[in-house]
Amino acid sequence: MKDVGVQAIIGPQQSTQASFVIDLGEKALVPIVSFSATSPYLSPLERPYFIRTAIDDSTQVQAIAAIIQAFEWKEVVLIYEKTQYGKGVIPYFIDSFQDIDVRVPYRSTIPLDANDDQLLKELHKLTTMQTRVFIVHMSSSVGSRFFINANNAGMMNQGYAWIVTDGLSNLLAPMDSSVIDSMQGVLGVRPYIPKSKQLEEFKVRWKRKSYLSNKNSETVSDLPSLYGIWAYDTVWALAMAVERVGTLDPQFLSSNPTNNLTDLSRIGYSPIGPRLLQTILSTRFNGLSGDFQLVKGQLKSYAFQIFNVIGEGERVIGYWTPTVGISKKLDPANKLRSNSSNMMSNLKAVVWPGDSTTKPKGWAILTNGQERLKVLVPHKYHFYQFVNVEQDPITAKTINITGFCPELFRSVANRLPFGLPYEFRAYLPPDGKDFKSYDVVIDQVYFKKFDAAVGDITILANRSTYVDFTMPYSESGVQMVVAIEDNLDKELWMFVKPLSLGLWLMTIVGFIYIGVVVWILECPTNTELGVSRGERLQTSLWYSFLTLVFAQRKYLKLYLLAILI
């Protein structure tokens, strides 16, 4: 800035170095453009002359949280280097895991200058914990040594799950083969670089130039790392911005002239710095990394690639986007779709550490002297469907505990997201007889002779003051049985109950109506109905009632005629 009068600076590469240079850039109004300072501590919103032509580390947090959610893990351990780069993303991880109900029981901090003995000591500490899912956020220098020691500590075997952030994912290619061998089965995320003709042509030029520059080398790099691609696009973006601004005045202006060239506070300022800054921020083009667009002072993120370290390289198993979530294939048409679920079926098959294809449970039952949970089971002589305690007829020493309640406890314990060492212990009352009350079982738990009790124990108010009960999984269903006496008067009229009162009244009215009609029609001519009018009316009503009981063949035609009328 003093000797040459630079109008913009690309770099530095590390976040810890960038903080000091950004302060100088703000004083001198010189844009500081970095393609690798990805720590969230460095915010372009708070540092207006800082431009990040890379993706912020916090943007990958949601992708990793989606992976944790897809595999249904409930606990993870964060392992990060003790630098500004390492610590900057941790609060974002904690907040994201809280949203999906995932616990972080421990956070491991690794110093940059940690030797192998220190790394092994910390790794052995991790083996004493039940959690078997680890997220590693480190740079390649310390991360490579960490995984070699993790392999030596036996933590790259079956049952473990490892996920690395883009700090290691972006630099896997140039790593030594011994490091790759130590990372078999590891999952990783990295920003997605779309395929393009421009990228393929650059790859050919890069490979040709690498071969000419390293003829004696056995291996030739096919493509620079992701940081190298971002650096290439950064130079293009700055060059395009300079052309748009025009001729740059190398002379700095200073309101406090001084001859002290070491006085950084009086370095002066660039007269075209603000205009150059706005031009860089508005620059947009199709670069090697895809659509180069700066949003709020940093490169816009589109998608993340999820890969699995297998053999000498890695295999892509899926993608993650903010709108779609996890998917096996990245479909540009789905970028506008929202509300997709994060499920394990949305990823391709994974090869886990130890060449296992079985998804790790995320926890392990420790066998290094940890005390087991003592669970009391009442030894009773009735209702064996709920709890049954009996000796094994073959060994005569082993006690078999079966029944609905113990099986329910086993099922719940197996579904827990952590290991629960326990053992059932049968319990008989002191007198050796059957239980008169389960209050003695409550006392055993209250006085801490047992850690828990399993059985058909009724939840009562007085018992709840001494122990905690689970939610009831079966209702008692109390009912009352009362004896009744026979009532002949009520039984006599039992036949009228199937029909309602209105229906009975309608039937009676129908009888009278039919009888009256028959009487009117038959009264003048039919002498069989009777002599007097009363007898004829009585016979007509009786006839209408009998038609419901049995058919009257003699008067069938007359009945039909009455109905038609």
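Here are three short exercises on a predicted model, each with a worked solution.

**Exercise 1.** Work out which strands stand at the edges of the open sheet, and why one side of each is left without a neighbour.

*Solution.* Start with the strand order: the 8 strands run β5-β4-β6-β7-β8-β12-β13-β14, with mixed pairing. Now look at the ends of that list. β5 (103-110) and β14 (325-327) each have a single partner strand, so one side of each has no neighbour in the sheet. As for the twist, neighbouring strands here are turned by 25° against each other on average, ignoring direction.

**Exercise 2.** Zoom in on β4 and find how β5 and the helices are placed around this strand.

*Solution.* First, the pairing: β4 (residues 75-81) runs parallel to β5, and 6 bridges join the two. For a concrete pair, pick Tyr80, whose bridge partner in β5 is Thr109. Next, the helices. α4 (residues 90-99) lies across β4, β5 and β6 (133-137), at about 170° to β4. Helix α6 (residues 140-152) lies across β4, β5, β6 and β7 (161-164), and runs at about 175° to β7.

**Exercise 3.** Decide whether Ser327 is buried or exposed, then list what Ser327 touches beyond its neighbours within four places in sequence.

*Solution.* Locate the residue: Ser327 sits in strand β14, one of the edge strands. Its relative accessibility is 16%, and the cut-off for buried is under 20%, so Ser327 counts as buried. Leaving out neighbours within four places in sequence, Ser327 is in contact with Gly318, Tyr319 and Asn346. Last, check the polar side: a polar atom of the Ser327 side chain lies 3.0 Å from the backbone oxygen of Lys329.

Note on methods
Residues are numbered from 1 along each chain as its sequence is written. This is a predicted model: local features need pLDDT of at least 70, side-chain atom pairs count only at pLDDT 80 or more; totals for chains, interfaces and linings use all residues. Side-chain values use heavy atoms; hydrogens and water are left out. Two strands pair if DSSP finds at least two bridges between them. Helices (H or I, at least four residues) and strands (E, at least two) are DSSP runs, numbered from the N terminus. Axes are lines fitted to C-alpha atoms, for helices over the stretch in contact, and angles run from 0 to 180 degrees between N-to-C directions. Contact means heavy atoms within 4.5 Å. Buried means under 20% relative accessible area, exposed over 50%, partly exposed in between (1.4 Å probe, protein chains only). A polar contact is a pair of N or O atoms within 3.5 Å; within protein, one must be able to donate a hydrogen and the other to accept it, and residues adjacent in sequence count only if both atoms are side-chain atoms.
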